[in-house]
Amino acid sequence: MAHNLIIAASLLAAIGLHFCNPQILLLYIALLSSSSLALLLRRSADRSRLESEHAIDLPFAIAHDKEVYDEYVAIAKALKHISQIPDQVFREAALQQIAVAKSELERVAEGTLTFEGTESWRLVYESLLRSNHVFLYRSAAWVKSSQYWQDEPGKQSAQLNLHLVDRQHLNIERIFILSDSVWPPDQRFPSEPILGWIDEHHRHGMWIKLVRESAIANETDLLSDFGIYGSHAVGEQIQDDKCRTIRFILRFNFEAVVDAEKRWQRLGIYSQAYRDLLETN
């Protein structure tokens, strides 16, 4: 229909221009406007139909994954119950919270997990280290104070590191970024208890390097606490000045791994091997 209107409008335009008839030209403009509107409406309808068909296909697309499908059904039931509560104030507040949950779920769908103000990230961290597809773990540990990983959860995670290295299940390379309060510029070694912790890593066969925070102060993107789990994932730990975890972000994304590898290589340029430090007279 819209294409027919365009053809008719074109013919009228030719006639109107030939005879210089204003009424025919006005009719041409009206037909052209109608045809454009018809095309827009048709495209909008086609788009809505395709989106509707896609939404209908969604349950079938994920039905093979029972665990995800069960969560899908639970979420759909919750949305159904929300839609049945008529109070307008509730509806507006509920839609805002749904939008927040949707944004978080979209980040998860992109392969990003975020843990806020909780130590539960260590469960995923430890599962990755134990997994059969991670053979090399590269860790940049930003030690802002002597309290770094000295609480009980931190000590347990550190012991898991040592255990996996001892069993030859995992190779670990670690660069310690040390604040001047932990490694004073006039001191050969970092202060305790961090020195003893670093030395324990070394004695268990980890590849250890050290760098002072002040040495990379101008390379702000290197001042980060992150870990690279093979080619599988990248974790970043956001801490306060007392080394308490505020946020832990885990990205199962190959591009994020590549970017982290580049940071790791640059960080290595500024770092000194702990083995060499021990051998220095």
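This section describes the fold, the central sheet, the nonpolar cores and selected side-chain contacts of a predicted model.

The protein chain contains nine helices and eight strands. Of its 281 residues, 34% are buried. Among contacts in the chain with a separation of 6 or more, 72% are made between residues 24 or more positions apart.

The eight strands form an open sheet of mixed pairing, arranged in the order S1-S7-S6-S5-S2-S3-S4-S8. Strand S1 (112–116) and strand S8 (272–273) occupy the edges; each has a single partner strand, so one side of each lacks a neighbour in the sheet. Helix H5 (residues 121–130) packs on the sheet and touches S1, S2, S3, strand S5 (225–229), strand S6 (233–239) and strand S7 (245–251). The direction of helix H5 makes about 40 degrees with that of S7.

Strands of a sheet pair through backbone hydrogen bonds, in either a parallel or an antiparallel sense. In the present model, strand S2 (residues 136–143) and strand S3 (residues 171–178) run parallel and are joined by eight bridges. Within this pairing, tryptophan 142 has isoleucine 177 in S3 as its bridge partner. S3 also pairs with S4 in the parallel sense, over six bridges, and phenylalanine 176 is there matched with leucine 210 in S4. Five of the six residues of S4 are buried, and this strand is therefore largely enclosed by the rest of the structure.

Antiparallel pairing involves strand S7 on both of its sides in the strand order. S1 and S7 are connected in this sense by five bridges, with arginine 251 in S7 as the bridge partner of threonine 112. S6 and S7 are likewise antiparallel, over six bridges, and glutamine 239 stands opposite threonine 245 in S7. S6 and S7 form a hairpin with five residues between them. In the turn of this hairpin, cysteine 243 has a positive phi of about 65 degrees.

The largest nonpolar core comprises 36 residues. Tyr148, Phe176, Leu178, Ile198, Leu210 and Tyr229 have the most contacts inside this core. At least two core residues are supplied by each of H5, S2, H6, S3, helix H7 (194–203), strand S4 (207–212), S7 and helix H9 (274–279). The largest share, five residues, comes from H6. A second, separate core has 16 residues, among them Phe226, Ile228, Val257 and Ala260.

Aromatic side chains were also examined. A search of the whole structure identifies 13 aromatic pairs. The ring centres of tyrosine 137 and tyrosine 229 are 5.0 Å apart and the ring planes meet at 25 degrees, so this pair is stacked. Because tyrosine 137 belongs to strand S2 and tyrosine 229 to strand S5, the pair ties together parts that are 92 residues apart in sequence. Both tyrosine 137 and tyrosine 229 are buried. Beyond its neighbours within four places in sequence, tyrosine 229 contacts Tyr125, Leu128, Leu129, Val134, Leu136, Tyr137, Val234, Gly235, Phe248 and Leu250. Ring pairs further link Phe115, Trp121, Tyr125, Tyr137, Tyr148, Trp149, Phe176, Trp197, Tyr229 and Phe248 into a cluster.

Two charged side chains lie over aromatic faces. Lysine 144 is placed over the face of tryptophan 142, at 4.3 Å from the ring centre. Arginine 263 is placed over the face of phenylalanine 226, at 4.4 Å from the ring centre; phenylalanine 226 is included in the second core.

Two residues of helix H6 were considered individually. Lysine 155 lies in this helix and, at 42% relative accessibility, counts as partly exposed. Not counting residues up to four places away in sequence, lysine 155 touches Trp149 and Gln150. The C-alpha atoms of lysine 155 and tryptophan 197 are separated by 9.8 Å, although these residues are 42 residues apart along the chain. Histidine 163 is likewise located in helix H6 (residues 152–166). With a relative accessibility of 38%, histidine 163 counts as partly exposed. Histidine 163 and histidine 204 are 41 residues apart in sequence, and their C-alpha atoms are 8.9 Å apart in space.

How values were computed:
Residues numbered from 1 in each chain as written. Predicted model: local features only at pLDDT ≥ 70, side-chain atom pairs only at ≥ 80, totals over all residues. Heavy atoms only, no water. Helix = DSSP H or I, 4+ residues; strand = E, 2+ residues; numbered from the N terminus. Buried < 20%, exposed > 50% of the residue type's maximum accessible area, 1.4 Å probe, protein only. Pairing = 2+ DSSP bridges. Contact = heavy atoms within 4.5 Å. Axes fitted to C-alpha atoms, helices over the stretch in contact; angles between N-to-C directions. Phe/Tyr/Trp six-rings, centres within 6.5 Å; stacked < 30°, edge-to-face > 60°. Lys NZ or Arg CZ within 6 Å of the ring centre and 35° of its normal. Core = buried A, V, L, I, M, F, W, Y, C linked by side-chain atoms within 4.5 Å.
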